[in-house]
Amino acid sequence: MAIIVNLDVMMAKRKIGAGELAEKIGITPANLSILKNQKAKAIRFSTLNMICKVLECQPGDILEFVPRDDDGEPDG
Amino acid sequence: MFRRLFHSDLEQEMKKIVTATRSILISRGLVYFFTLLLITLDVTGWWLGMRLEGTALLRHTISFEDSLCFIICLYSCSIPAYYVLYALHRLLINVAAGKVFISENVSLLRRSSWCLLAAAAICLIGVIWLRVLLIIVAAACFVGLIVRIVMNVFEQAIAMKEELDLTV
């Protein structure tokens with residue numbers, strides 16, 4: 001997958017822990033870990049909304065597109 | 001009013017759970033029943049085959065070769081049949097434990113379908129001597145096909161579940 005989740009960087013900037021962030025977003029720490037470890041296959045708009053709200057950032061700050069050869073493949 | 005509504009909702013939920021559990025119990029009971037039936041057939045198979053000799057079947061008198069063919073088919077088909085029953089048993093245990101869409105179930109179903117097709121192939125050889133076995137060949141092939149399609153559905157369901165599990 002060519003979409004990279006830069007959640008770690010934003011969390012470090014805001015000085016917020018994984019557990020606290022998961023609680024504020026309203027998802028389980030396990031799911032947050034899936035997102036952080038680039039294993040997620042999809043993200044709900046509601047989750048993205050809460051992340052941006054809690055971290056006071058734009059979706060572009062946490063999601064990044066990097067062109068790669070495996071583009072066009074349905075799964076990562 | 002609200003209290004009654006809540007109670008009836010809860011009752012219905014409980015009823016659903018009880019029905020599902022009972023349904024699995026009935027299925028497991030049937031699997032054990034068929035295992036018992038198969039064991040009985042295997043124990044009495046030789047005697048049954050020998051008894052068949054000389055009886056008339058569809059304007060054809062069963063000869064010694066015919067009854068021998070019946071016995072050979074019965075015992076060689078027993079092996080895949082035992083495996084299919086074991087696979088069903090494992091499948092029901094997994095389903096009862098809430099592990100429905102897992103790859104183990106898919107491989108169990110795949111092996112069961114191959115076992116059924118293998119039994120059909122064994123009986124197909126027996127058809128040369130005993131024409132009646134053609135019914136068993138058709139039945140085994142058809143059930144094997146159904147099991148295979150169920151397996152394909154399970155494969156798709158596992159892919160969908162994985163996608164859902166990895167949606168944050």
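Where is the place of A:Glu56 in chain A? The loop between α4 and α5 (59-62) of chain A holds this residue. The model behind every view below is predicted.

**View 1. A:Glu56, a loop residue with positive phi.** Phi of A:Glu56 is near 50 degrees. The value is positive, and the residue is not glycine. A:Glu56 follows α4 and precedes α5 (59-62) in chain A, in the loop between them. Its relative accessible area is 61%. A:Glu56 is therefore exposed, since the cut-off for that class is over 50%.

**View 2. A:Gln38, in the loop between α3 and α4 of chain A.** A:Gln38 also has a positive phi, near 60 degrees. Again the residue is other than glycine. The loop that holds A:Gln38 joins α3 to α4 of chain A. Relative accessibility is 40% for A:Gln38, so this residue counts as partly exposed.

**View 3. Chain A, the overall fold.** Chain A has five helices and two strands. Along the sequence they run β-α-α-α-α-α-β. The chain has 76 residues, and 26% of them count as buried. Take the contacts in chain A with a separation of 6 or more: residues 24 or more positions apart account for 65% of them. Mean pLDDT for chain A is 87. A value of 70 or more is reached by 89% of its residues. Confidence in chain A is lowest in α1(A), at a mean of 90, and highest in α4(A), at 93.

**View 4. The largest nonpolar core, with 20 residues.** Six members touch the most other members: A:Leu7, A:Leu21, A:Leu32, A:Ile51, A:Leu55 and A:Ile62. Four helices of chain A, α1 (7-14), α2 (18-25), α3 (29-36) and α4 (45-55), each supply at least two residues of this core. The most comes from α4(A), which gives four residues. In soluble globular proteins, nonpolar side chains tend to be buried together.

**View 5. A:Leu7 and its contacts.** Neighbours within four places in sequence are left aside here. A:Leu7 is then in contact with A:Leu21, A:Leu32 and A:Leu35, among others. Its contacts also include A:Lys36, A:Ile51, A:Leu55 and A:Ile62. A second, separate core has 13 residues, including B:Ile71, B:Cys123, B:Val127 and B:Val137.

**View 6. A:Gly19, in helix α2 of chain A.** With a relative accessibility of 44%, A:Gly19 counts as partly exposed. A:Ala42 is 23 residues away along the chain. The C-alpha atoms of A:Gly19 and A:Ala42 are separated by 21 Å.

**View 7. The largest pocket, with about 1,100 Å³ of space.** Its lining has 40 residues. Those nearest the centre are B:Leu38, B:Cys77, B:Ala81, B:Leu116 and B:Ile136. Helices α1 (2-52), α2 (64-96), α3 (103-126) and α4 of chain B each supply at least two lining residues. The largest share, 12 residues, comes from α2(B). What is the chemical make-up of the lining, in nonpolar, polar and charged residues? There are 37 nonpolar residues, three polar and no charged.

**View 8. B:Ser67, in helix α2 of chain B.** Is B:Ser67 buried or exposed? Relative accessibility is 0%, so B:Ser67 counts as buried. Residues up to four places away in sequence are not counted among the contacts. B:Ser67 then touches B:Gly49, B:Leu52, B:Glu53 and B:Ile62.

**View 9. B:Asn105, in helix α3 of chain B.** B:Asn105 is buried because its relative accessible area is 0%. Which residues is B:Asn105 in contact with, leaving aside neighbours within four places in sequence? They are B:Leu91, B:Asn94, B:Lys99, B:Val100 and B:Phe154.

**View 10. B:Lys161, in helix α4 (residues 133-165) of chain B.** B:Lys161 has a relative accessibility of 38%, so this residue counts as partly exposed. B:Ile102 is 59 residues away along the chain. The C-alpha atoms of B:Lys161 and B:Ile102 are separated by 9.4 Å.

Technical notes
Residues numbered from 1 in each chain as written. Chains lettered and ligands numbered in written order. Predicted model: local features only at pLDDT ≥ 70, side-chain atom pairs only at ≥ 80, totals over all residues. Heavy atoms only, no water. Core = buried A, V, L, I, M, F, W, Y, C linked by side-chain atoms within 4.5 Å. Buried < 20%, exposed > 50% of the residue type's maximum accessible area, 1.4 Å probe, protein only. Contact = heavy atoms within 4.5 Å. 1 Å grid on protein atoms, 1.4 Å probe; cavity = no way out; pocket = protein on both sides within 12 Å on 5 of 7 lines; lining within 4 Å. Points joined across faces, edges and corners; volume = space filled by probe spheres on them. Nonpolar A, V, L, I, M, F, W, Y, C, P; charged D, E, K, R; others polar. pLDDT = per-residue confidence, 0-100.
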